[in-house]
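Please look over the sequence and the model that follow, and keep both in view while reading the paragraphs below them.

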Amino acid sequence: MKFAEHIEIAKGQIRQQMLIDGKWQAAASGQTSAVHDPARGEVIAQVPLAGEEDIDRAVKAARRAFDERAWRDMLPAVRERLLLKFADLVEADAERLAHLETLNQGKPLPLALGAEVAGSVQWLRYMAGWATKIEGHTVDLSFPLPPGTRYRAMVQRVPVGVVGAIVPWNFPMMMAVWKIAPALATGCTVVLKPAEETPLTAIRLAELALEAGIPAGVFNVVTGNGATGAALVAHAGVDKITFTGSTVTGKAIAQRCAVDVRRAALELGGKSPVIVLDDCDTERAVMGATQGFLLNSGQVCTAGSRLYVPKKRFDEVVAGVADVAGKATLGSGFDPDAQIGPLVSARHKERVMRLIESGEREGAKLLTPIRPDESSGYFVAPAVFANTSGQPMTLVREEVFGPVIIAMPYDDLYDVIRQANDSVYGLGASVWTNDFTRALRLADRIDAGTVWINAHNVIDPAMPFGGMKQSGIGREHGRAAIDGYTETKSVCLSF
Ligand code: NAD
């Protein structure tokens, strides 16, 4: 298929409105915000720039849908069937959704199809199954009065209420589904605020949910920027905020939520270590490390962006990573030969370039060729750095969210544990070895919500996911997600 045909398919899916209470709407102010194709730098849509008034309408719609109880009191098996229907519609629309995502976010089409759309279907189906499996327990109490009276509590799990979901631009559709699917399965209602850079698949998701029969007001999408997100966080009608994005924004959200004791789950940044042990064969270490930091042009919260290699294997492994990454082809997500797509926005490209410059300025050695971007898109070539001085550096500390890795040598396991844990983040980590005894010892000692052994970036709806330290609060996926969108209610009987 030619570029023009791909773009035609993608553009055919664009809708430039938001969905509030089952109705397609513009912003009350009439303001819009431009959406770009990051591979060509062109404006492809103008979506509503929602303000406080729009947020108020959306939250009130979600509040009404929750308080009228039709969704939460629906037979669990019926709610499950509606979510399965939603999943079927997403699956039937897979090609078009993937085209839309690639056009708007930039990622290679196979990644949009295989990870984002297929992942969204998988998550919707997995979470649909939970709708019929939410259960509490009973407990016999020891309260002694009046003598002879016994007490038994039924501990139920009830939906937390109206959920404000704020998502980023790296996996726009999947991040939205990670929140929508468990929230809807538990009987909550949702206002979703996609990132200003990537609102298009979220809008299409809302259209499909409506078509699946999910009632008006249960799932609303409001497009806008950080101020729109802040209005959602501050709205008194919201019971819980669930957020994925930067640690800076996450801290602001946590502070605002504290004012009203609003529940908040935060999935924030990372600076995930990739630890190669001395027995690991070179090719496996090189491929593992390269894929761990290049997936989605490095715009992954668990990107393996710090590489630790034993001193005696350092030059060989790091040169291998630089060689593979240095040859990776850049191009539009619709180009079948392109391995790496553009970054999401001009602003983000500038930030990543500034961080790459900091590496050179602070004395790290750049091992990959500089490939200036002469296109009108937002491309950045992979950068592999070595820091053999042990000096503190911005690139070792800060999340880049781009195709950048910094490699450091280590002496022994104690040294690598110390270096790996020397971070404010604790999201992911990987260990590469054939020696499972040492791998498990390391896994025990590394501060991360997920530690992979001989893998990186493997995420599944059944496996809890989230961060330690400043990488966040709360867990997504599995039973943990269901617990996150419900709270216990104790009903105490005397007899
Ligand atoms: P961000 O965290 O500011 O934005 C993420 C989402 O939050 C967007 O929907 C945005 O509109 C919204 N938002 C922004 N300010 C808000 C506020 N005050 N209240 C409520 N919502 C608000 O991320 P960004 O500025 O787009 O990216 C900056 C950096 O964040 C990136 O370079 C990267 O390092 C990191 N990031 C991390 C993730 C992740 O998955 N952990 C995702 C995106 C970005």
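**A walk through the model**

In strand S19, Trp452 is the bridge partner of Ser430, and this pair of residues is a convenient place to begin reading what is a predicted model. Ser430 belongs to strand S18, which covers residues 428-432 and is joined to S19 by four bridges, the two strands running parallel. In general, the strands of a sheet pair through backbone hydrogen bonds, and they may do so either in parallel or in antiparallel fashion.

Looking outward from this pair, one finds an open sheet of seven strands, whose order is S14-S15-S16-S13-S12-S18-S19 and whose pairing is mixed. The edges of the sheet are formed by strand S14 (365-366) and by strand S19 (450-453), each of which pairs on one side only.

We can now step back to the whole chain, which is divided into domain 1, made of residues 3-268 together with 471-494, and domain 2, made of residues 272-460. The centres of domain 1 and domain 2, taken over C-alpha atoms, are separated by 31 Å. To the contact between them, domain 1 gives 32 residues and domain 2 gives 29 residues.

How much area do domain 1 and domain 2 bury between them? The value is about 2500 Å², and 64% of it lies on carbon and sulfur atoms. Within domain 1, the residues that lose the most area to domain 2 are Pro38, Trp169 and Ser471, which together account for 22% of what that side buries.

The interface of domain 1 and domain 2 also holds charged and polar pairings, for the rule finds one salt bridge across it, as well as nine residue pairs in polar contact. On the side of domain 1 that touches domain 2, helix H1 (3-11), helix H4 (94-105) and helix H5 (109-130) each supply at least two residues. The residues of that side divide into 14 nonpolar, 13 polar and five charged. A salt bridge to look for in the model is formed by Glu197 with Arg347, where the closest N and O atoms are 3.5 Å apart.

Two details of the backbone complete the tour, and both are found in loops. The peptide bond that leads from Leu145 to Pro146 is cis, with omega near -20°, and Pro146 is found in the loop between strand S5 (137-140) and strand S6 (151-159). Asn296, for its part, lies in the loop between helix H10 (282-294) and strand S13 (304-310), and its phi is near 60°, a positive value in a residue other than glycine.

Methods
Residues numbered from 1 in each chain as written. Predicted model: local features only at pLDDT ≥ 70, side-chain atom pairs only at ≥ 80, totals over all residues. Heavy atoms only, no water. Domains from an automatic or database assignment. Contact = heavy atoms within 4.5 Å. Buried area = accessible area lost by both parts, 1.4 Å probe. Salt bridge = Lys/Arg side-chain N within 4 Å of Asp/Glu carboxyl O. Polar contact = N/O pair within 3.5 Å; in protein donor to acceptor, adjacent residues only side chain to side chain. Nonpolar A, V, L, I, M, F, W, Y, C, P; charged D, E, K, R; others polar. Pairing = 2+ DSSP bridges.
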